[in-house]
Amino acid sequence: MKRILLYLLLVATSVGCGTRTRQSATTPPAPVEPKTYGYTVKNSYPHATDSYTQGLLFHEGLLWEGTGQKGESRLLKHDLTTGHTEKVAHLPRHEFGEGIALVGEELFQLTWMENTAHVYDLATGKERRTLRFPGEGWGLTSDGEWLYLSDGSATIRRLDPTTFERKGSIAVTLRGEPLDFLNELEWIDGKIWANIYTTDHLVIIDPRSGVVEGVVNLEGLLPETERTPQTDVLNGIAYDASTGRIFVTGKNWSKLYEIELFEK
């Protein structure tokens, strides 16, 4: 039922809202109506169909990817110019990898239900330490100082990257309603972008208020001709801060896409 309500919220956003009535002085302010965006594809790159994408990030010319599934969870490093891929780490077989994020020279990789985060040295790929945390891990991003973790609910946790101690939380709302199924996260120009699990939508969140300020409809991004029975949902957002490029892909997708948004 939650997924049906979530879909209706997103569809309502994508088609716009109805007329608004004048508010009295005692009436609470109307929920923020998010902007809606479409997309154009600027470039596409091959993506391994055995990569169950859980996290993406772009740093100094390289695309980093964390993948999931027990026994198959890895940390990968891609050079999009040459097409070369390097396996940096392989998680223990009993762990299910999730989102990744970078703070300074440390790269963090979540696990789903194992309450463990792996911390790697960015330069060498060697694991420096592991951190424990309560609850599930889904998506992870950073503003350069703090980590932000999603767990499939409407709440994003702000964490200390040294200890993984919770330092605050963000209650995410879309048009005044809690927005569940927040998945992969990316910090872009002061906002948190999030995949909404099982949908073809991204949302753009104000981290100060938790309000969804934008909804991106990526329906039709992966053509039907590229889909197989193993193709799963849209997941993965990466941002190249030096050029403004935005990359997206999905679980077991055959393509990684560079996209550009336009407001509808």
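Q: What do buried, exposed and partly exposed mean here?
A: With a 1.4 Å probe and protein chains only, a residue with over 50% relative accessible area is exposed, one in between is partly exposed, and buried means under 20%. This is a predicted model, in which local features need pLDDT of at least 70, side-chain atom pairs count only at pLDDT 80 or more, and totals for chains, interfaces and linings use all residues. Residues are numbered from 1 along each chain as its sequence is written, and side-chain values use heavy atoms, with hydrogens and water left out.

Q: How many salt bridges does a search of the whole structure find?
A: A salt bridge is a side-chain nitrogen of Lys or Arg within 4 Å of a carboxyl oxygen of Asp or Glu. By that rule, a search of the whole structure gives a total of 13.

Q: How far apart in sequence are the parts that Glu260 and Lys42 tie together?
A: The closest N and O atoms of this salt bridge are 3.7 Å apart. Strands are DSSP runs (E, at least two residues) numbered from the N terminus. Because Glu260 lies in strand β22 (residues 255–263) and Lys42 in strand β1 (residues 35–46), the pair joins parts separated in sequence by 218 residues.

Q: Is Asp121, the partner of Arg128 in a salt bridge, buried or exposed?
A: The side chains of Asp121 and Arg128 meet at 2.5 Å, N to O. Arg128 has 43% relative accessibility and counts as partly exposed, whereas Asp121, at 15%, counts as buried.

Key. Helix = DSSP H or I, 4+ residues; strand = E, 2+ residues; numbered from the N terminus.
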